[in-house]
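These are my notebook entries on a single chain, kept in the order in which I looked things up. I began with the empty space and then turned to the sheet and the helices.

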Amino acid sequence: MSRLLALLSATAIAVFSVSAAQAGPTLDNIRSKKAITIGYRETSIPFSYLGADQKPVGFSLDLCTHIVDRLKADLGTPDLQVKLTPVNSSNRIPLIQSGTIDLECGGTASSKQRLEQVSFSVSTFASQTAWLAKVSSGLKTPKDLKGKTIVVTQGSDALGIAKGISQDDDLNLTIAQAKDHAESLLLLTTGRAAAWVEADILLAGIRADYSKPSDLTFLKANYGTIYYYGLMFSKDDPDFKKVVDDVLSKLMASGEFTKIYDKWFMAAIPPKNINLGFPMTDALKERVAHPSDVVNN
């Protein structure tokens with residue numbers, strides 16, 4: 001009898017675990033399809049980009065692999081299919097909202113405005129705003145850009161940031177919007193834009209991957225505001241968020257998150273074996289020690 005009770009108890013626990021994991025719409029959808037659709041970026045080094053074999057790789061994708069493994073266990077679907085869909089700055093939020101993708105594993109900053117449309121995991125990165133320019137331009141600081149054309153990538157927070165800087169510092173900037181990071185780089189390197197404003201790490205990755213990195217330089221600026229990145233998914237789905245946050249928080253507590261970070265930010269990465277040499281900031285260390293999704297901007 002005791003063995004039977006133990007077996008029934010274990011079965012009940014297992015059923016409860018799976019049922020809990022199925023409670024939210026995203027989890028139910030993944031379970032019914034036996035597939036999860038992940039959005040990735042093609043040029044957001046080192047978060048999510050195409051490697052030498054044109055297959056997506058990166059820091060965020062490594063984190064998402066752990067989430068997929070957890071879903072396989074929780075949903076009882078060891079054969080869970082992973083579908084990969086490319087996204088960009090302009091369509092990533094609409095694709096989440098429409099249910100076309102279940103989870104964006106890219107390089108997206110959370111904000112109060114975006115949180116009205118989608119949800120984010122606990123923070124996985126912390127960045128600041130930076131400017132990239134050609135060395136040959138002779139530009140030293142953003143103030144040297146007065147009256148010039150600069151570029152931002154469509155869908156990026158950089159548009160609002162650039163407008164604010166232009167107004168606050170009386171720069172009278174003309175702001176061109178490129179369809180993706182590749183086009184932003186093209187406008188910069190061909191001289192159609194004097195500078196490109198974006199998150200520091202994204203610009204560092206693009207500069208390191210450029211054919212002649214020494215031709216590009218960062219303008220001296222420090223705006224102080226910190227932007228926290230996270231994995232992005234459907235709004236108002238606490239059950240899915242709980243799974244994602246739990247996976248990330250456990251990776252942080254175990255030290256595995258730091259190992260994954262060092263793999264992509266502090267070591268040679270494909271396809272050109274570049275090393276970004278971008279150590280974890282104090283702001284991110286604080287989030288790793290105390291996982292949080294709180295944003296102030």
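**Entry 1: terms and model.** I take a pocket to be an open set of points on a 1 Å grid with protein on both sides within 12 Å along at least five of seven lines, and its lining residues to be those with an atom within 4 Å of a point. I note that the model is a predicted one.

**Entry 2: the largest pocket.** I looked up the volume of the largest pocket and found about 300 Å³. Its lining is made of 16 residues, and Q113, R114, G155, S156 and D157 are the ones nearest the centre. I then asked which helices each supply at least two residues of this lining. They are helix 4 (92–97) and helix 5 (158–168). Helix 4 has the largest share, with three residues. By class I recorded nine polar, four nonpolar and three charged residues in the lining of the largest pocket.

**Entry 3: the second largest pocket.** For the second largest pocket I noted a volume of about 220 Å³. I counted 14 lining residues, with T43, I45, L185, I206 and D209 nearest the centre. Strand 3 (48–50), helix 6 (181–189) and helix 7 (200–209) each contribute at least two residues to this lining. Helix 6 gives the most, namely three residues. The lining of the second largest pocket comprises eight nonpolar, three polar and three charged residues.

**Entry 4: the cavity.** Next I looked for space from which a 1.4 Å probe cannot get out. How many cavities of 30 Å³ or more are there? I found one. The volume of the largest cavity is about 200 Å³. Its lining runs to 22 residues, of which S156, D157, E198, A199 and Y229 are nearest the centre. Two or more lining residues come from each of strand 6 (103–109), helix 5, strand 12 (195–199) and strand 14 (227–234). I sorted the lining of the largest cavity into nine polar, eight nonpolar and five charged residues. I also noted that S156 and D157 are listed nearest the centre of the largest pocket and nearest the centre of the largest cavity.

**Entry 5: a five-stranded sheet.** I traced an open sheet of five strands in the order 11-10-12-9-13, with mixed pairing. Strand 11 (174–178) and strand 13 (216–218) are the edge strands, each paired on one side only. From one strand to the next, the twist averages 30°. I followed the pairing of strand 9 (residues 129–134) with strand 13 and found the two antiparallel, joined by three bridges. Which residue of strand 13 stands opposite A133? I found T217 there. Helix 7 lies across strand 9, strand 12 and strand 13, and I noted an angle of about 120° between helix 7 and strand 12.

**Entry 6: helix 2 and helix 8.** I closed with the pair formed by helix 2 (residues 25–33) and helix 8 (residues 238–254), whose axes come within 6 Å and cross at roughly 80°. Since angles of 65 to 115 degrees count as roughly perpendicular, I therefore entered helix 2 and helix 8 as roughly perpendicular to each other. On the helix 2 side the contact involves T26, L27 and I30, which meet D239, F240 and V243 in helix 8. I classed the residues of this contact as four nonpolar, one polar and one charged.

How values were computed. Residues numbered from 1 in each chain as written. Predicted model: local features only at pLDDT ≥ 70, side-chain atom pairs only at ≥ 80, totals over all residues. Heavy atoms only, no water. Axes fitted to C-alpha atoms, helices over the stretch in contact; angles between N-to-C directions. Helix = DSSP H or I, 4+ residues; strand = E, 2+ residues; numbered from the N terminus. Parallel < 35°, antiparallel > 145°, perpendicular 65-115°, else oblique. Contact = heavy atoms within 4.5 Å. Nonpolar A, V, L, I, M, F, W, Y, C, P; charged D, E, K, R; others polar. Points joined across faces, edges and corners; volume = space filled by probe spheres on them. Pairing = 2+ DSSP bridges.
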